[in-house]
Every structure is written in structure tokens, then in C-alpha cells.
Amino acid sequence: MTKTIGTPPPEGVVSILDADYHDTEQMLADAANVLDFSQPVAVLFMGVLGYARSYSDAAKIVHTTTAALPAGSYLGLWDGTDDHPDYVRMCEHYNRSGAVPYTPRSRQQIRALFDGLEFVDPGLVAINQWRPPATEIGQATPLPACGALARIPTR
Ligand SMILES: C[S@@+](CC[C@H](N)C(=O)[O-])C[C@H]1O[C@@H](n2cnc3c(N)ncnc32)[C@H](O)[C@@H]1O
């Protein structure tokens with residue numbers, strides 16, 4: 001169900017969907033109540049797909065969503081990666097708490113979520129290395145999470 005907050009201002013509206021992204025078609029149908037899918041749209045999956053029931057579910061969610069977007073739309077996505085043992089152990093500890101389990105993925109798996117899209121510079125990188133502020137001193141140690149912004153090309 002879609003609920004619009006407040007009176008729509010000229011610059012747009014804020015709308016919240018109470019949805020499970022595994023119900024991707026329903027999520028998109030609800031979003032179409034407030035978004036014009038004939039115009040470019042930006043979709044963000046920011047640190048959320050590790051909660052998907054499986055990697056293949058995560059891939060299906062992303063590919064179903066991007067397939068519904070017109071050319072010129074953008075996908076922003078990051079998630080935790082499995083290349084840092086301490087972080088993997090921390091996730092395992094968290095998962096034993098009874099919370100919805102979070103599964104870090106390999107960088108290759110996260111890269112594959114962008115298949116068919118055009119990366120915006122600097123491409124897929126550790127999230128703290130995505131356009132770091134010019135004032136940053138030295139190179140930050142890469143975090144165990146990577147992401148990118150990518151454009152949906154003309155099909
Ligand atoms: C770590 S928080 C990320 C928050 C924020 N995007 C950020 O970048 O800081 C994970 C979010 O994933 C959401 N989430 C987990 N499982 C979900 C699902 N099946 N469908 C939709 N959202 C889900 C949770 O509600 C939570 O808000």
C-alpha cells in the first residue's frame with residue numbers, strides 16, 4: 001500500500017512503501033503509484049540485499065527491478081563483502097542473535113548484480129573509496145563493503 005506524506009510540493013513527494021523486496025512485482029506496482037516509469041528513475045539498494053533469502057533471490061530482485069526501469073535510469077547498490085574474516089565472523093555472530101540473517105557476498109557476486117549496466121566512475125569499489133572527499137589524507141583502508149552507481153543503457 002502507498003501512503004503519501006503531506007501535501008505534494010511542486011518539487012515532488014515523499015512516499016513510503018511497507019514492502020518486502022522479495023515481492024518485487026508488488027513493490028514495483030506500488031511504486032508506480034507515485035513514480036513515472038516512463039522517465040528515468042534512480043533505485044537504491046543500500047546495504048539491504050544481504051538480507052535476501054539467497055543470492056539468487058537478491059539477483060532476481062535487482063534484475064526484476066532494473067528490467068522495469070527505462071534507459072537513463074540509475075542503480076545505486078552496496079553490500080557487505082565476505083573478504084574480511086573479522087567482518088564475516090561479526091555477521092555470523094549477529095545472525096545467531098535471532099535477527100533476520102545478513103549474508104555478506106563476494107565482490108564478484110555484487111559485481112554480477114550490475115550485469116548489463118554501465119558503471120559510473122569509479123566503478124565497483126569499497127564504499128569508503130567511492131569519490132572520497134578531497135580533504136581526506138592518504139588512502140583509507142577499504143571497508144568490507146563494496147558498491148557502485150550504474151546507468152541503465154538503451155536496450
Ligand atoms: C543495514 S540497514 C540499511 C539502511 C540504509 N539503507 C543504509 O544505507 O544505512 C538494512 C535495511 O534493510 C531492510 N530490509 C531487510 N530485509 C528487507 C526486505 N526483505 N525487504 C525490504 N527491506 C528489507 C531493513 O528494514 C533495514 O532498514
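# Notebook: a look around one predicted chain

**Entry 1: the whole chain.** I began with burial: of the 155 residues in the protein chain, 35% are buried. I should jot down right away that this is a predicted model. For overall size, I got a C-alpha trace spanning about 45 × 40 × 35 Å along its principal axes. Then I looked at the surface, where the chain exposes about 9400 Å². Carbon and sulfur atoms supply 57% of that area.

**Entry 2: helices and strands.** How many helices and strands does the protein chain have? I found four helices and seven strands. Going along the sequence, I wrote the pattern down as β-β-α-β-α-β-α-α-β-β-β. I also checked how far apart in sequence the touching residues are. Taking the contacts with a separation of 6 or more, 64% are between residues 24 or more positions apart.

**Entry 3: α1 against α2.** Next I picked a pair of helices, α1 (residues 24-31) and α2 (residues 55-67). Their axes come within 10 Å and cross at roughly 35 degrees. I noted the crossing of α1 past α2 as right-handed. Which residues meet there? From α1 I listed Thr24, Glu25, Met27 and Leu28, and from α2 I listed Ile61, Thr64 and Thr65. Sorted by class, this contact of α1 with α2 has three nonpolar, three polar and one charged residues.

**Entry 4: Thr65.** I stayed in helix α2 to look at Thr65. Is Thr65 buried or exposed? Its relative accessibility is 2%, so Thr65 counts as buried. I skipped residues up to four places away in sequence and found Thr65 touching Thr24, Met27, Leu28, Val43 and Phe45. Three of those names were already in my notes on the helix pair: Thr24, Met27 and Leu28 are α1 residues that meet α2.

**Entry 5: Tyr55.** Tyr55 is in helix α2 as well. With a relative accessible area of 21%, Tyr55 is partly exposed. Leaving out residues up to four places away in sequence, I saw Tyr55 touch Arg105, Gln109, Ala112 and Leu113. I also looked up a distance: the C-alpha atoms of Tyr55 and Leu69 are separated by 22 Å, with their positions 14 residues apart along the chain.

**Entry 6: Gly76.** I moved on to strand β4 (residues 74-80), where Gly76 is found. Gly76 counts as buried, at 4% relative accessibility. Apart from its neighbours within four places in sequence, Gly76 is in contact with Val43, Leu44, Phe45, Met46, Ala148 and Leu149. Val43 and Phe45 rang a bell, as Thr65 touches them too. As for Tyr87, it is eleven residues from Gly76 along the chain, and their C-alpha atoms are 22 Å apart.

**Entry 7: the cysteines.** How many disulfides does the count come to? I got zero. Why is Cys146 not bonded to Cys91? The two sulfurs are 13 Å apart, which is too far for a bond; the cut-off for a disulfide is within 2.5 Å. Cys146 is the cysteine whose sulfur is nearest to that of Cys91. Both cysteines turned out to be buried: Cys91 has a relative accessible area of 4%, and Cys146 is at 0%.

**Entry 8: Tyr102.** Cys91 came up again when I looked at Tyr102, which touches it. Where is Tyr102 found? I located it in the loop between α3 (85-95) and α4 (107-112). Tyr102 is buried, with a relative accessible area of 6%. Besides Cys91, its contacts include Gly47, Gly50, Tyr51, Asp79, Gly80, Tyr87, Tyr94 and Asn95, not counting residues up to four places away in sequence. For a distance, I checked His63: Tyr102 is 39 residues from His63 in sequence and 20 Å from it in space, C-alpha to C-alpha.

**Entry 9: two backbone oddities.** A reminder to myself: most residues other than glycine have a negative phi, and most peptide bonds are trans. The bond joining Asp121 and Pro122 is a cis peptide bond, with omega about 10 degrees. Pro122 is in the loop between β5 (118-119) and β6 (125-126). I then checked Arg131, whose phi is near 50 degrees, a positive value in a residue other than glycine. Arg131 is in the loop between β6 and β7 (145-151). Its relative accessible area is 51%, so Arg131 is exposed, given that exposed means over 50%.

Terms used: Residues numbered from 1 in each chain as written. Predicted model: local features only at pLDDT ≥ 70, side-chain atom pairs only at ≥ 80, totals over all residues. Heavy atoms only, no water. Axes fitted to C-alpha atoms, helices over the stretch in contact; angles between N-to-C directions. Helix = DSSP H or I, 4+ residues; strand = E, 2+ residues; numbered from the N terminus. Left-handed = near helix turned anticlockwise from the far one by under 90°. Contact = heavy atoms within 4.5 Å. Nonpolar A, V, L, I, M, F, W, Y, C, P; charged D, E, K, R; others polar. Buried < 20%, exposed > 50% of the residue type's maximum accessible area, 1.4 Å probe, protein only. Areas by Shrake-Rupley, 256 points an atom, 1.4 Å probe, with all protein chains shown as cover.
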